[in-house]
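User: Please take a close look at one part of the model shown below, and then place it in its wider setting.

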Protein chains: 2
Amino acid sequence: MSQPRVPRLKDVAEAANVSVSAASKILRGDRSRFGEETCRRVVEASERLGWRRNLLVSGIQTGRTNTVGVMIPPYDSFWVKVLSGIHKRLGEADFLPITLWLGDLDHLPHFEANEQEGVRQINRLLDRRVDALILWPTFAVAYQEHLAGLAEKNVPVVVIDHRSDEPYGDSVATNESQATRAVAKHLLDLGHRRIACISSRESKSQTWALERRRNFERAISLKSEAEVRSWRLNRTGDNGVEVATHLLTDDFRPTAVFAVTDHEAHCVYEAAITLGLSIPGDLSVVGFADLDFAATMMPPLSTVRQRPQEIGERAASLLIDRLDGPLAGEPFVHSEIEADFVLRESTGPAPA
Amino acid sequence: MSQPRVPRLKDVAEAANVSVSAASKILRGDRSRFGEETCRRVVEASERLGWRRNLLVSGIQTGRTNTVGVMIPPYDSFWVKVLSGIHKRLGEADFLPITLWLGDLDHLPHFEANEQEGVRQINRLLDRRVDALILWPTFAVAYQEHLAGLAEKNVPVVVIDHRSDEPYGDSVATNESQATRAVAKHLLDLGHRRIACISSRESKSQTWALERRRNFERAISLKSEAEVRSWRLNRTGDNGVEVATHLLTDDFRPTAVFAVTDHEAHCVYEAAITLGLSIPGDLSVVGFADLDFAATMMPPLSTVRQRPQEIGERAASLLIDRLDGPLAGEPFVHSEIEADFVLRESTGPAPA
DNA sequence: ACCGGCTGCTCAAGTAGTTGACCAAGCGTT
DNA sequence: AACGCTTGGTCAACTACTTGAGCAGCCGGT
């Protein structure tokens, strides 16, 4: 029946026989105005009772909670690494990320359809007075109109992997053009001339897919004898193997395929196996993202490794700089992180 | 230079021309004592200004923040799914998980060595007055002594996948014995008689590995003609392929291997390929956990699928029940979730 | 004796909001 | 006219803590 509570400053002050305000000042480090003996008594009492400052109170007093809201869908290892980078950098600056892991693993949240739900989720964070938000592209698009007003409330926003025409915050993305050019060059150097690209659903929230495909098409087109053709998945993005089969049996007869993510590359593998095509003998495949399974596919998939942890760290850094640092009051910034082509065993010379 | 702040209740009250306390009561739903017209004015004003209750204040007033601290290492897809379950269930009950994603992806945190760091991390959550904690086994062990005192502070704890002799909270784990018996039966039915088990590091924080191995050994031993031998990884857990090679070239010459996680199973695959052994022709392999890559390994790995999302949901449910519900004041509970044997293509009849 | 300055501490108001106590006006009743 | 009751609100104290203002006591200087 006992209720042993968390000790309050008042308890410490009583134990040390001083006023609450004296205890507060001493424990904040403002000791110059107090006697040495008094300070000792207060510090000793606070330690004995295990007192800890209540950060909720600091939050309402200063208007700063040192927390950052992070809105993400449950997703593959790439995003887990981004998150890890966010946590690392924010942790160093003594910020605490509060992550809203929305939707379940099977279906991404479809908030376009449910306006109210979106607002509710943002408010779960804002009601706790997070100092800033980090957003995945899905949410950046779905919640656009609700987020645009945050700047006026002094809640900075950083968007990852989505560059908008009318930004309402800073953004971080992978600099893909360079890595994509490296992929194109690699395939052309191997003698491939009929090259396919398999893209994902290219929805509004996946502008990266569109851009990645365009970058690749452009890079291949520079070589006059080479030709690219592109295919893409349906709206739900669940017909990957079907599209891959289509693409491989098309009149075009590509000798190499570039997939905008490793997921699609995996679909190409499956289709190739069923069709009896060997990789890389009959068909070269290149993925993108270097997800968990890329290195253990058979054969190991050549792909483009982004630097997810670095992306996360950069996003966190941008927020920190905007809250207290050099970015305060400055125009929005778009930051790009390099990516590296990883050569493994899924590419070979074009068949004669 | 303008500072357009988040609206306060005071602003709403002034706009509606009532006292702050009237506004507070009306907006909390206690309208019986106020005129219809007044209520309308207050509600309208609050909506127009976009007022939202500051949950930090509610937190200091009620002693409840409706937040739960979650301490996890960055880890494989299994844990991501557990997290997803936690978020789902807590979200339904309007709790907000605050996840501390400790350590980086390459090395798990080694807090045994750095006592102070551990305390610091727990305090990051407690200082924000989380109502409860959910812990991964790593932390449950490393921070044991600091966590034991939380019960006295009325901060319930749920530990996942780790059963202690002196529990200081509720716990959830997979009920492995049944699934492990199914694996054993499957291998014995296929005619295997010399069966190896490859375990991971079996440290204090990985008691599940020990238990899983023991369960398996016991299940095999029931068949008198069959024999099990076990190997395990070193302290750092990075010599998997080496141990697998050892095990496969040992005089024992096992025809089947049970790996305590899919990670070790993957090491067995690698060793088998190097040694020229075909799976499942020369060697049957069974894993545990059904991680992301298990289904896409070549051949697809037979394994035991735990129900991580269900584990997460159960952990969250236990907390909710203990905070406000039927579990308040009751003795600690240990809850078990079933697991299912998933038959894929990595097992076959024992070679003659 | 009186003033200035320093030391060492307390007071009170503030952060945003909640809640029990209280109070005034209006009405009907005796 | 005095009483009780309902309606419609306000007041003040409380949550945990911070912070600028202020004040008592003591010392040295004139």
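Where in chain B is the place of B:N66?

Analyst: B:N66 lies in the loop between α4 and β1 (67–72) of chain B; helices (H or I, at least four residues) and strands (E, at least two) are DSSP runs, numbered from the N terminus. The model is a predicted one, in which local features need pLDDT of at least 70 and side-chain atom pairs count only at pLDDT 80 or more, while totals for chains, interfaces and linings use all residues. Residues are numbered from 1 along each chain as its sequence is written, and chains are lettered from A and ligands numbered from 1 in the order in which they are written.

The backbone of B:N66 deserves attention: its phi is positive, about 55 degrees, although the residue is not a glycine. Most residues other than glycine have a negative phi, and most peptide bonds are trans. B:N66 counts as partly exposed because 19 other C-beta atoms lie within 10 Å. The scale used here calls a residue buried if 20 or more other C-beta atoms lie within 10 Å of its own, exposed if 12 or fewer, and partly exposed in between, with C-beta atoms placed from the backbone.

A positive phi is also found in chain A, at A:R129, where the value is near 60 degrees. A:R129 sits in the loop between α6 (115–126) and β3 of chain A. A:R129 is buried, since it has 21 C-beta neighbours inside 10 Å.

Strand β3 (residues 132–135) of chain A has both faces covered: A:A132 and A:I134 are buried on one side, A:L133 and A:L135 on the other. In a regular strand the side chains alternate between the two faces of the sheet. Strand β1 (residues 67–72) of chain A runs parallel to β3(A) and is joined to it by four bridges; strands are taken to pair if DSSP finds at least two bridges between them. In this pairing, A:M71 has A:L135 as its bridge partner. β3(A) is also joined, by three bridges and again in parallel, to strand β4 (residues 157–160) of chain A. Here A:I134 is partnered by A:V158.

The helix α4 that precedes the loop of B:N66 also has a part in two surfaces. Toward chain A, the contact takes 38 residues from chain B and 38 residues from chain A, two residues being in contact if their C-beta atoms, placed from the backbone, lie within 7 Å. On the side of chain B that touches chain A, at least two residues each come from α4, α5 (77–92), β2 (96–101) and α6 (115–126). The largest share, six residues, is that of α5(B). By class this side of chain B holds 17 nonpolar, nine polar and 12 charged residues; Ala, Val, Leu, Ile, Met, Phe, Trp, Tyr, Cys and Pro count as nonpolar, Asp, Glu, Lys and Arg as charged, and the others, Gly among them, as polar.

The second surface faces DNA strand C, which is surrounded by 21 residues, the closest being A:S19, A:S21, A:A22, B:L9 and B:S21. A residue counts as near a molecule or strand if its C-beta atom, placed from the backbone, lies within 6 Å of it. Two or more residues each are given to this surface by α2 (20–28) and α4 (55–62) of chain A and by α2 (20–28) and α4 (55–62) of chain B. The greatest contribution, five residues, is made by α2(B). This surface has seven nonpolar, nine polar and five charged residues.

The relation between the chains completes the setting. A turn of 180 degrees with a shift of 0.0 Å along the axis lays chain B on chain A with an RMSD of 0.1 Å, superposition being by least squares on the C-alpha atoms of residues with pLDDT of at least 70 in both. The two copies are therefore related as by a two-fold rotation axis. The same surface serves both copies, as 100% of the contact residues of chain B recur in chain A.

Elsewhere in chain B, the backbone has two cis peptide bonds to be noted. One joins B:I279 and B:P280, with omega about 5 degrees, and B:P280 lies in the loop between α12 (262–275) and β9 (284–286). Another runs from B:M298 to B:P299, with omega near -5 degrees; B:P299 is in the loop between β9 and β10 (303–305).
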